[in-house]
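Here are a few notes on the salt bridges, for when you have the model open. Have a look and tell me what you think.

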Amino acid sequence: LLDAMKKRNIKVTFFVVGERLDEFSTLLKREYDEGHEIGSHTYNHMNLGKADSAAITENLQKTQNKMEEILGANLGTILVRPPYGSVSDTAKSTINAPLILWSIDTLDWKSRNADAVKEQILNQACDGAIVLMHDLYDTSVDGCIAAVDELTKQGYTFVTVSELFRRKGETLAAGTTYTNAEKNGIDL
């Protein structure tokens with residue numbers, strides 16, 4: 001996926017699971033060095049909608065600490081993608097970062113089929129959409145690349161989540177969930 005995005009000069013957002021960062025530290029460094037946005041997907045795929053405030057804070061801090069240790073950089077406030085899309089009022093009031101959900105679920109983890117991933121993206125693509133995928137499956141990567149190439153022909157551009165909202169003139173707020181950027185036709 002990184003090779004394909006580099007070839008197409010596209011930057012995306014990767015939400016990483018902290019407990020896997022030692023195994024994939026080289027990949028994390030490459031994502032960061034190539035200008036992709038790095039966000040948290042918790043340390044151990046914790047269901048944030050069912051956790052208490054202390055557990056949420058500890059889990060997310062542990063993830064960010066591990067990311068910063070590997071990258072040798074202070075990341076500041078990073079985006080959080082709650083596993084399962086599960087968010088509670090406790091999570092919203094605890095997490096001092098924007099919570100990113102999605103408007104297009106490729107169901108790639110379930111289908112493991114590149115054509116199905118591509119079709120899910122193409123059938124739901126629209127201005128301001130956020131696509132959920134899991135880059136650990138080859139079928140997801142292949143489906144993504146095919147969809148990106150087709151959508152590029154249609155005039156779409158691809159950006160990180162933060163850049164998407166910046167271009168729409170929207171400021172992301174801590175503890176707020178986002179599924180897409182406003183379809184307002186604005187592109188700053």
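1. Lys-168 is buried, as its relative accessible area is just 7% (buried means under 20% relative accessible area, exposed over 50%, partly exposed in between, with a 1.4 Å probe and protein chains only). Its salt-bridge partner is Asp-127, with 2.7 Å between the closest N and O atoms (a salt bridge is a side-chain nitrogen of Lys or Arg within 4 Å of a carboxyl oxygen of Asp or Glu). Asp-127 sits in the loop between helix H6 (114–124) and strand E5 (131–132) and Lys-168 in the loop between helix H8 (161–167) and strand E6 (177–178), so the pair ties together parts 41 residues apart in sequence. Asp-127 is partly exposed, at 34%. Helices (H or I, at least four residues) and strands (E, at least two) are DSSP runs, numbered from the N terminus.

2. This is a predicted model: local features need pLDDT of at least 70, side-chain atom pairs count only at pLDDT 80 or more, and totals for chains, interfaces and linings use all residues. Residues are numbered from 1 along each chain as its sequence is written, and side-chain values use heavy atoms, with hydrogens and water left out.

3. Arg-8 and Asp-149 form a salt bridge too, at 2.6 Å, N to O. That pair links distant parts of the chain, 141 residues apart, with Asp-149 in helix H7 (residues 138–153).

4. Within helix H8, Arg-167 and Glu-163 pair up at 3.0 Å, N to O. They are four residues apart, so about one helical turn separates them.
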